[in-house]
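Student: I'd like a close look at the helix packing here, along with the empty spaces that the atoms leave. Take me through it slowly, please.

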Amino acid sequence: MFFKRKPKGPPLKASELKKLISTHIAPRLRELGWKGSGMHYKKINGNSPIIQVIGFQVNKYGGEFCVEVGIHPNYLPERWEGQYELKKLTHASLLIRSRLSPKMGSDYWWKIGADEKSTLKILDNVWETFKKNGIPYFGFYEEFPQPFTDVKIIDGKLKTPIEFATQLTHVTDITLCWLVAHSFDYIKDYENSYRFSHHGINCIHGRQGIALKSGFEELMKKKSA
């Protein structure tokens with residue numbers, strides 16, 4: 001059962017929800033190796049370059065909240081000032097993220113209860129959903145450098161595995177090339193880093209993606225270095 005029924009009476013305030021997340025969800029996350037507080041949490045497994053991120057976000061009109069899960073490869077350079085300052089990294093700045101939901105990929109919001117008891121029941125549901133869908137979501141990235149290196153260029157077009165493509169709703173072809181090129185660069189596969197950098201430059205038209213051009217060119221230099 002998923003708790004989306006309209007609460008009886010006005011819902012708790014965002015500050016009250018934050019306190020309940022801190023006392024009811026945060027300790028469970030910390031048992032699994034997560035760090036953070038309030039509405040934002042991060043985790044790194046061993047020497048993996050993948051930073052896992054969870055963020056809780058209250059609707060600006062109040063009454064409901066969503067949970068964002070996503071990842072950030074820590075080898076990516078800053079695209080613009082402050083975009084990837086790791087200490088301040090939150091779900092809002094991630095290129096790869098999804099909305100946690102009973103059916104991943106949907107725009108899902110949980111109603112905030114009118115009191116602590118009803119809201120704790122909702123948070124229990126959030127936790128069960130996280131165990132069912134959130135943990136497998138992050139597990140998808142535990143075989144790094146996959147899924148980045150599973151992306152291919154075929155007949156001049158990017159071919160992305162479906163399971164990965166569904167997590168790239170905020171990513172253009174240019175940005176995907178940027179992600180993949182840097183992933184190959186990280187594992188010192190400069191040949192493929194060059195290929196995706198070259199393809200990324202070819203995808204740039206007008207102002208779209210122009211800020212990434214110099215970064216692509218720097219990666220391409222490594223092939224002949």
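Tutor: What follows goes from one helix pair to the empty spaces, then to the loops and a second helix pair.

This is a predicted model, where local features need pLDDT of at least 70, side-chain atom pairs count only at pLDDT 80 or more, and totals for chains, interfaces and linings use all residues. Numbering runs from 1 along each chain as its sequence is written, and side-chain values use heavy atoms, with hydrogens and water left out.

Let's start with α3, residues 116–139 (helices are DSSP runs of H or I, at least four residues, and strands runs of E, at least two, numbered from the N terminus). Helix α1, residues 14–24, packs on α3 at an angle of about 55 degrees, and the two axes are 11 Å apart (axes are lines fitted to C-alpha atoms, for helices over the stretch in contact, with angles from 0 to 180 degrees between N-to-C directions). That angle makes α1 oblique to α3 (under 35 degrees is roughly parallel, over 145 roughly antiparallel, 65 to 115 roughly perpendicular, and the rest oblique). The crossing of α1 past α3 is right-handed (the near helix is turned clockwise from the far one by less than a right angle; anticlockwise would be left-handed). From α1, the contact uses Leu17, Leu20, Ile21 and His24, while α3 brings Glu116, Thr119, Leu120, Leu123 and Asp124 (contact means heavy atoms within 4.5 Å). Sorted by class, that makes 5 nonpolar, 2 polar and 2 charged residues (Ala, Val, Leu, Ile, Met, Phe, Trp, Tyr, Cys and Pro are nonpolar, Asp, Glu, Lys and Arg charged, and the others, Gly among them, polar).

α3 also turns up around the empty spaces. There are 2 cavities of 30 Å³ or more (on a 1 Å grid over the protein atoms alone, a cavity is a set of points where a 1.4 Å probe fits but cannot get out, a pocket is an open set with protein on both sides within 12 Å along at least five of seven lines, and lining residues have an atom within 4 Å of a point). The largest cavity holds about 50 Å³ of space (the space filled by probe spheres set on the points, with points joined across faces, edges and corners). Around this cavity sit Ile25, Leu29, Ile54, Phe56, Val67, Leu100, Val126, Trp127 and Phe130: 9 nonpolar residues, no polar and no charged ones. Both β3 (50–58) and α3 supply at least two of them, and α3 gives the most, with 3 residues.

Now the largest pocket, at about 400 Å³. Its lining counts 17 residues, with Ser98, Met104, Gly105, Thr166 and Gln167 nearest the centre. Two or more lining residues come from each of β5 (96–99) and α3. Here the classes run to 4 nonpolar, 8 polar and 5 charged.

Between α3 and β7 (152–154) is the loop that holds Pro145 and also Pro147. The Phe144 to Pro145 peptide bond is cis, omega near 20 degrees, and the Gln146 to Pro147 bond is cis too, with omega near 5 degrees. In the loop between β7 and β8 (157–159) you'll find Asp155, not a glycine, yet with a positive phi of about 55 degrees.

Finally, α6 (residues 190–203) and α7 (residues 213–221) pack at about 150 degrees, axes 9 Å apart, and are therefore roughly antiparallel. Their crossing is left-handed.
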